[in-house]
Amino acid sequence: RTSRMSPMWRGIAVAVANLALAETASTGLYRHSAFFSNAKAMRASLSPTDNQLAHAQETRGHNSAPPTRVALVGLGEIADSYLQNMHGTFREAFEVSAGVNPSEGKWSKLPEGARGYHSLEELLEADRDAVDAVVISMPTSKHHEAACAALEAGKHVLLEKPACTSREDLDDLYGLAEAKGCVLFVSMHGAYAPEVRWVRDNHHRYGAVVRAAAVYTDSYVREDGDLEPGTVSKLGSWFDSGLNALTALHTALPSAIELSQVCKCTDGHECVEDVAASADLRLGEAGNCVPACITTEWRVAEGADGRKGIAVYCERGVLRTCEATRTVTVDGEGTVFDAGDGGEEGILPDRYAGVLRDFRAALVGGPEGERALKDNTEAAQRVHYALLDRERVVCE
């Protein structure tokens with residue numbers, strides 16, 4: 001484990017992280033064919049507000065079914081994005097009938113008529129028949145227990161990422177969902193980032209993919225060396241930021257993920273697994289793989305030029321995404337896609353609109369719903385299996 005970094009070394013670490021996206025492309029081959037409808041291509045160029053309307057329009061076909069009555073388990077910031085969409089463009093698809101939070105002060109977020117409960121157990125005992133599904137956005141360490149309780153009660157589950165802290169727990173939840181005939185849908189909102197989906201839909205125009213990289217940084221370590229409040233519940237940079245990086249890479253280049261090694265650094269912060277990590281992996285099937293690397297870093301000064309994005313190296317160009325601006329640039333061409341910065345609302349409400357659209361489709365069923373559930377399950381398992389592969393972890 002490394003000792004606490006001085007400001008100079010911290011600056012070097014951040015510089016190294018940001019340079020990871022500019023690594024020289026290695027040899028390799030990955031051919032990903034994609035054919036997309038005009039509707040999807042048009043939606044990719046819409047503004048955030050119009051994107052939400054597009055999601056709602058796609059959901060309109062499912063609104064002939066009664067609205068899904070949901071309980072929000074956890075009423076923190078993530079719940080705000082769900083509530084915004086459920087009160088707005090998805091008001092005909094979802095009805096918030098209950099909320100769960102130990103602090104009664106949070107209950108004021110709930111719409112009129114929705115009841116507040118201190119725990120999920122209290123809700124299930126007092127008013128089990130009032131909800132069809134639960135949306136779980138609690139600290140990750142509590143996900144497995146809460147999801148098990150909901151599934152045992154016959155409730156569908158929309159589970160915030162990361163879904164679990166171990167592969168065994170994740171497999172347990174999928175097995176229980178199948179046994180109970182319930183939908184388990186993991187809310188991997190990064191899969192709905194418009195700039196990443198643009199790369200997925202258009203990278204073939206630049207030839208075969210030969211390499212990929214991702215850098216995800218956050219300012220969770222303060223200047224005085226302490227962690228920001230609430231950071232401990234995120235467990236570590238690999239677990240939190242690494243999952244976002246894996247999700248982005250898998251969305252842009254959907255394929256199997258084989259983790260080679262994860263190197264973690266605690267920098268003296270023993271209350272989390274790491275504050276920085278670097279990983280080597282391969283995307284694709286045997287004999288047709290792309291080498292990739294991921295860098296996560298929490299020691300970025302607040303207000304500094306941090307980075308969240310991926311780089312896809314193709315034969316005829318390098319495509320780079322930026323989460324903050326929701327743009328894609330290509331070396332030598334400049335900006336080739338711009339979805340806008342999301343305005344005052346930020347990027348999350350638009351992403352959660354996509355999550356809710358597909359969750360509703362999975363609940364209603366039919367070919368579209370089956371495809372949405374299959375795609376989500378495959379992506380969640382691939383990403384989490386790589387994330388939770390403890391055998392590949394090396395600590396410094």
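**Exercise 1. The surroundings of Asp274**

Task: In this predicted model, find which residues Asp274 is in contact with, leaving aside its neighbours within four places in sequence, and decide whether Asp274 is buried or exposed.

Solution: Begin with the contacts, which, once the neighbours within four places in sequence are left aside, are Leu235, Gly236, Ser237, Trp238, Lys264, Cys265, Thr266 and Trp298. Next, place the residue along the chain: Asp274 lies in the loop between strand S8 (257-265) and strand S9 (276-285). Then turn to Trp238, whose backbone nitrogen is reached by the side chain of Asp274 at 3.0 Å. Finally, consider accessibility: the relative accessibility of Asp274 is 0%, and because buried means under 20% relative accessible area, Asp274 counts as buried.

**Exercise 2. Asp350 and its polar contact**

Task: Determine which helix holds Asp350, and with which side chain the side chain of Asp350 makes a polar contact.

Solution: Asp350 is found in helix H10, which covers residues 348-364. With a relative accessible area of 4%, Asp350 is buried. The partner of its side chain is the side chain of Arg326, and the polar contact between Asp350 and Arg326 is 3.1 Å.

**Exercise 3. Asp129, in the loop after H5**

Task: Decide whether Asp129 is buried or exposed, and state how many residues apart in sequence Asp129 and Gly154 are.

Solution: Asp129 belongs to the loop between H5 and S4. The relative accessible area of Asp129 is 64%, and since exposed means over 50%, Asp129 is exposed. Apart from neighbours within four places in sequence, Asp129 is in contact with Arg69 and Lys155. As for Gly154, the separation from Asp129 is 25 residues in sequence, while from C-alpha to C-alpha the two are 10.0 Å apart in space.

**Exercise 4. The sheet and helix H5**

Task: Work out the order of the strands in the open sheet of 6 strands, and find which strands helix H5 touches as it packs on the sheet.

Solution: Read across the open sheet, the order is S3-S2-S1-S4-S5-S6, and the pairing is parallel. Strand S3 (115-117) and strand S6 (184-187) are the edge strands, each of which pairs on one side only. Neighbouring strands of this sheet are turned against each other by 25° on average, direction ignored. Helix H5 (residues 120-127), which packs on the sheet, touches S1, strand S2 (94-100), S3 and S4, and its direction makes about 130° with that of S3. To look at one pair in detail, take strand S1 (residues 68-73) and strand S4 (residues 133-136), which pair in the parallel sense over 4 bridges; here Val70 stands opposite Ala133 in S4.

Technical notes:
Residues are numbered from 1 along each chain as its sequence is written. This is a predicted model: local features need pLDDT of at least 70, side-chain atom pairs count only at pLDDT 80 or more; totals for chains, interfaces and linings use all residues. Side-chain values use heavy atoms; hydrogens and water are left out. Two strands pair if DSSP finds at least two bridges between them. Helices (H or I, at least four residues) and strands (E, at least two) are DSSP runs, numbered from the N terminus. Axes are lines fitted to C-alpha atoms, for helices over the stretch in contact, and angles run from 0 to 180 degrees between N-to-C directions. Contact means heavy atoms within 4.5 Å. Buried means under 20% relative accessible area, exposed over 50%, partly exposed in between (1.4 Å probe, protein chains only). A polar contact is a pair of N or O atoms within 3.5 Å; within protein, one must be able to donate a hydrogen and the other to accept it, and residues adjacent in sequence count only if both atoms are side-chain atoms.
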